[in-house]
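I opened this notebook to record what I looked up in the structure, entry by entry. Where a classification rests on a cut-off, I note the cut-off beside it.

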Amino acid sequence: MKTDSSATTEIILSGLGVSGGIAIGPAYVVESGVSQVPEYVIAPEAIDAERRRFTEAAAKARRQIKMLKAKALVLPDAASEEIGFLLDAHLAMLTNSRLTRGVERRIAGERVNAEAAIQAEIAVIAHGFQEMDDAYLAARIADVREVGARLIRNLGDRDYPAYSLLPPGVVVIAEELTPAETALLDPGIVAGIAAVAGGAEGHTAIMARALGIPAVLGVRGLIPGTRSGDPVIVDGRNGKLIINPTPATLAGYRADQDLLWREREQLKCLRSLPAITRDGTSVALMANLELPREIDAARDAGAAGVGLFRTEFMFMNREDLPGEDEQYALLRTVVEGMPDRVVTARTLDLGGDKLAGALDQRFLETANPALGLRAVRLSQREPRLLETQLAAMLRAGVHGPLRILLPLITTVAEVLWVREVLAEVAARLRRQGVAIAEPLPPLGVMIEVPGAALTADALAGCSDFLAIGTNDLTQYTLAIDRSDEQVAHLYDPLHPAVLRLIQFTTEAALRARIPISVCGEIAGDPRFTALLLGLGVRELSMTPNKLAVVKRRLRALDLRSATRRAQTIMDQSDGARIAELLDEFNAAES
Ligand code: PEP
Ligand code: MG
């Protein structure tokens, strides 16, 4: 990490505060376009291991190229010969060449990681070729780069080291962090996040909140204004990033940090208190999980169960697919981590902003990912994916109450199809003598597409429970990309259209006498609690660290007045007026 102590002017940048809290620390800037080619300094004692990493990556690259050469032999003579020459040139670059020697020298001399050494060496070699003003050599630059890219890919086989090897307390600054990359961040190491791209309800924001890492997304002018090592403050409450803060700013934020910490400690007292309104109505406050390791936080926060387990995160940051046994083991950890409380496992919801190495190129690269082969549609295209998941879920259901939830449903036919697949998978497992949940787990449907909300009565008729996904429901109702910072100001779950769909769905579920929950981000925002309860919802699922604030709001709430206020709100046609009515009610009640 480079440090530059000469830059001292305080710069305040604004963005979307998507994950609350304050982080103060040195910046770690992920270079643009190369977010998976990290650059970091290694300890002197790590030099040998880093060189070995590089040697192994080079050996693997040679094996890969020899295999390609063997395959090229079956091509027509001329093509085979030409490709053979090319691959020989690649092999030569990987065997005691200027490139390999240069990389090893940089690892030892500059004490940088192998990826950074490769990048630097490739840049110097390419530059040298360019300088020679020779068309043949200029064409070889592409070869050099290709070899470099292959080496870096091979090094990436192990977990992305950039984030796990950063010094504790850094603030990661990037053009964009994908949800998969965010899932790799260790809150014990990464104190804060700031990025140019990203909306408040995208999965990067959701993941930052789940990890409890303060984050500001959609920050304009962030790069190139910031350099690694610059002292920065992430103010996740107010959506500010402060670079090179003055001593006075720093002192103010440190005081705020103390206040927040004290408030958090106070909220802990609520853990064991019942989630019940002032006038005695119980509400189930459940947890949303992305990673199995969040289960401890959910239990500690006193969650009544898991209302949404986003299983797609099991598929990220790897090149292969998790098999049935692996998925079963993970689900079992979650089920056993919540003894006697229900766990709602959602089937794969990849696509949109959630990508997975093993499937991206085959299915997920599409012009409109949010409208494409996402979620249950991907399951229909590749039923094996669903069968494997359902088998793992049926087996995990032996260890505790489990429900199965289907994402992005739009038709009754999709639900009936999954029911059939579930029955077939169950029959196969029974034949094989494998223990499964009996009776079969309840099968529920996410209502997150306007078309599904408008036919909620039909969907309720073939489902055991409904869960309203307000993140997508808002996105699809208002045609606002939930992860695009440029339209984030238009993203409004209080838009009357969204509220009417929530109301319609809730009433359909209540009429069908099946459970209904809200598991979008508004469920974890105390601003919305009175409205959702007033509309008839009695189950809210949220990131575990929001449970306490929602419980505090709920315990201060009179449900009868909340219901009356919800009725007044539902008569309105203007989002701004709705917000006013809600905020006024909240202010008077708390
Ligand atoms: C939602 O859309 O509200 C939801 C809970 O699902 P996800 O955020 O995973 O899309
Ligand atoms: Mg959704």
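I began with the cut-off for burial: a residue counts as buried when its relative accessible area is under 20%, as exposed when that value is over 50%, and as partly exposed in between. I also note at the outset that this is a predicted model.

**Entry: T344**

I looked up T344 and found it in strand 11, which covers residues 343–346. Its relative accessible area is 0%, and because the limit for burial is under 20%, I entered T344 as buried. I then asked which side chain is joined to that of T344 by a polar contact. The partner is R403, and the contact between the two side chains is 3.1 Å. Leaving aside neighbours within four places in sequence, I listed the contacts of T344 as V306, G307, L308 and F309, then R403 and L405, and finally F465.

**Entry: backbone geometry**

I turned next to the backbone, bearing in mind that most residues other than glycine have a negative phi and that most peptide bonds are trans.

L408, a residue other than glycine, has a positive phi near 55°. I located L408 in the loop between strand 12 (402–406) and helix 15, and with a relative accessible area of 0% L408 is buried.

R513 also drew my attention, since phi of R513 is near 55°, a positive value in a residue other than glycine. R513 sits in the loop between helix 19 (496–511) and strand 15 (516–518). Is R513 buried or exposed? Its relative accessibility is 76%, and because the threshold is over 50%, R513 counts as exposed.

I recorded a cis peptide bond between E438 and P439, with omega at about -5°. P439 belongs to the loop that runs between helix 15 (412–431) and strand 13 (443–447).

**Entry: helix 20 and its partners**

For the helices I kept two quantities in view, as two packed helices are described by the angle between their axes and the distance between the axes.

With helix 21 (residues 547–555), helix 20 (residues 526–534) packs at an angle of about 50°, and the axes are 9 Å apart. Helix 20 and helix 21 are therefore oblique to each other, and their crossing is right-handed. On the helix 20 side I found P526, T529, A530 and L533, which meet V549, V550, R553 and L554 in helix 21. Sorted by class, this contact of helix 20 with helix 21 has six nonpolar residues, one polar and one charged.

With helix 22 (residues 559–570), the angle is about 85° and the axes of helix 20 and helix 22 are 7 Å apart. Helix 20 is therefore roughly perpendicular to helix 22. Helix 20 contributes A530, L531, L533 and G534 to the contact, while helix 22 contributes L559, A562, T563, A566 and I569. I classed the residues of this contact of helix 20 with helix 22 as seven nonpolar, two polar and no charged.

With helix 23 (residues 575–589), helix 20 packs at about 100°, the axes being 10 Å apart. Because angles of 65 to 115 degrees count as roughly perpendicular, I entered helix 20 and helix 23 under that heading. The contact involves P526, R527, A530 and L531 of helix 20, together with A579, L582, D583, F585 and N586 of helix 23. The residues of the contact of helix 20 with helix 23 divide into six nonpolar, one polar and two charged.

**Entry: P526**

I returned to P526, which is placed in helix 20 and is partly exposed, with a relative accessible area of 25%. Not counting residues up to four places away in sequence, P526 touches V549, V550, R553 and N586. I also looked up its C-alpha distance to L554: the two residues are 28 apart along the chain, and their C-alpha atoms are separated by 8.1 Å.

**Entry: two further C-alpha pairs**

G128 lies in helix 4 (residues 114–131) and counts as partly exposed at 24% relative accessibility. Its C-alpha atom is separated by 9.5 Å from that of I141, 13 residues apart along the chain.

A92 lies in helix 2 (residues 77–93) and is partly exposed, with a relative accessible area of 46%. I noted 9.3 Å between the C-alpha atoms of A92 and R62, which are 30 residues apart along the chain.

Key: Residues are numbered from 1 along each chain as its sequence is written. Chains are lettered from A and ligands numbered from 1 in the order in which they are written. This is a predicted model: local features need pLDDT of at least 70, side-chain atom pairs count only at pLDDT 80 or more; totals for chains, interfaces and linings use all residues. Side-chain values use heavy atoms; hydrogens and water are left out. Helices (H or I, at least four residues) and strands (E, at least two) are DSSP runs, numbered from the N terminus. Buried means under 20% relative accessible area, exposed over 50%, partly exposed in between (1.4 Å probe, protein chains only). A polar contact is a pair of N or O atoms within 3.5 Å; within protein, one must be able to donate a hydrogen and the other to accept it, and residues adjacent in sequence count only if both atoms are side-chain atoms. Contact means heavy atoms within 4.5 Å. Axes are lines fitted to C-alpha atoms, for helices over the stretch in contact, and angles run from 0 to 180 degrees between N-to-C directions. Angles under 35 degrees count as roughly parallel, over 145 as roughly antiparallel, 65 to 115 as roughly perpendicular and the rest as oblique. A crossing is left-handed if the near helix is turned anticlockwise from the far one by less than a right angle, and right-handed if clockwise. Ala, Val, Leu, Ile, Met, Phe, Trp, Tyr, Cys and Pro count as nonpolar, Asp, Glu, Lys and Arg as charged, and the others, Gly among them, as polar.
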